[in-house]
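Hi there,

Here is the structure I promised to pass on, with my notes below it. Have a look at it first, and then see whether the notes match what you see.

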Amino acid sequence: MKVVLITQARMTSTRLPGKVLKEVLGKSLLEYHVERLLQVKNADEVVVATTTNDTDVPIVELCKGLGVACFRGSEQDVLSRFYGAATEHGADVIVRVTSDCPLIDPGVINRVIARFHDRLEGVDYISNTLERTFPRGMDTEVVTMSALDEANREATETPDREHVTRFVYVHPERYRIENVAFESDQSGHRWTVDTPEDFELIRLMLEALYVAKPRFTLEDCLDMSSKHPEWSRINRHIKQKSYE
């Protein structure tokens, strides 16, 4: 079975345009993100799914420079974009992450994929977001190609087209779904970039973590947060958008 890790990225974010190419220590957030995705041992390929907009040409060029595959599709119909990327790269299993998570831990992604393989005959969709215990910014979803194909063919509501896997996980009577939980509830941490405040927090964490240990882990992030509790107040007031 071919496991393809697909991340979505675009320049036209409403609350922080161009966020994926904002730089910390001379490197864009998307570079940090892709660097960490390439460390995932349980995935066969990494693909950046961007849009056909001219504004996303810099993302395409960055992918070329990084030597990572890039697929271009609809901006609004993200489900069709993911399906197109998965089809083009011959995926049997799709791992979905989003590029606004530059701290995402390859070990967390490996863990979710491993759970999927353990439950191979009994699950269509697994994630660590159905019941949040992981910090936001570690979000990982795994879905079968057959389930994604059905969603792409049958989903008609706008939220289902925008949120890729929603058609699957809102139908537990139809699909076998499962959640992966962390050892303790750390869902209060927000390590995703959607606003200037989010970026400020991520900048501080990358500057503190990356130079000393480029392959830092979720546990390293938690340890750094405990050492600097004031950092969490920077974006504590930010409300997550319903669909990303």
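How many bridges join strand β6 to β8? There are four, and the two strands run antiparallel. Please keep in mind as you read that this is a predicted model.

**The sheet**

Strand β6 covers residues 93-98. Two of its residues can be followed across to β8: Val95 has Val142 as its bridge partner there, and Val93 is bridged to Thr144. On β8 there is also a pairing with β7 (residues 125-127), again antiparallel, with three bridges. Here Tyr125 is the residue whose bridge partner in β8 is Val143.

Strand β8 itself (residues 141-144) is covered on both faces. Glu141 and Val143 are buried on one side, and Val142 and Thr144 are buried on the other. That fits the general rule that side chains in a regular strand alternate between the two faces of the sheet.

Stepping back, these strands belong to an open sheet of seven, in the order β5-β4-β1-β6-β8-β7-β9, with mixed pairing. The edges are taken by β5 (69-73) and β9 (177-179); each has a single partner strand, so one side of each is left without a neighbour in the sheet. On average, neighbouring strands are turned by 25° against each other, direction ignored.

**Helices α3 and α5**

Helix α3 packs on this sheet, where it touches β1 (3-8), β4 (45-51), β5 and β6. The direction of α3 makes about 145° with that of β1.

Helix α3 (residues 78-88) also meets α5 (residues 145-154): their axes come within 10 Å and cross at roughly 140°. The two helices are therefore oblique to each other, and their crossing is left-handed. On the α3 side the contact is made by Leu79, Ser80, Phe82, Tyr83, Ala86 and Thr87. From α5, the residues taking part are Met145, Leu148, Asp149, Ala151 and Asn152.

**Helix α9**

Which residues of α9 are buried? In this helix, residues 218-227, they are Leu218, Cys221, Leu222, Met224 and Ser225. Seen down the helix axis they fall within an arc of 165°, so they line one face of α9. Ser226 and Lys227 are exposed, on the face turned away from that buried side. Among the elements covering the buried residues of α9 are α4 (106-118) and α8 (196-209).

**Two loop residues**

Asp124 caught my eye. This residue lies in the loop between α4 and β7. Is Asp124 buried or exposed? Its relative accessibility is 11%, under the 20% cut-off, so Asp124 counts as buried. Leaving aside residues up to four places away in sequence, Asp124 touches Phe116, Val142, Val143, Thr144, Ala147, Tyr175 and Arg176. Of these, Val142, Val143 and Thr144 are buried residues of β8.

The other one is Met11, in the loop between β1 and β2 (23-24). Met11 counts as buried too, because its relative accessibility is 17%. With residues up to four places away in sequence again left out, Met11 touches Pro17, Gly18, Val20, Leu21, Thr55, Asp56 and Ile59. Between Met11 and Thr192 there are 16 Å in space, C-alpha to C-alpha, and the two are 181 residues apart in sequence.

Happy to talk it through whenever suits you.

Best wishes

How values were computed. Residues numbered from 1 in each chain as written. Predicted model: local features only at pLDDT ≥ 70, side-chain atom pairs only at ≥ 80, totals over all residues. Heavy atoms only, no water. Buried < 20%, exposed > 50% of the residue type's maximum accessible area, 1.4 Å probe, protein only. Arc of directions from axis to C-beta. Contact = heavy atoms within 4.5 Å. Pairing = 2+ DSSP bridges. Axes fitted to C-alpha atoms, helices over the stretch in contact; angles between N-to-C directions. Parallel < 35°, antiparallel > 145°, perpendicular 65-115°, else oblique. Left-handed = near helix turned anticlockwise from the far one by under 90°.
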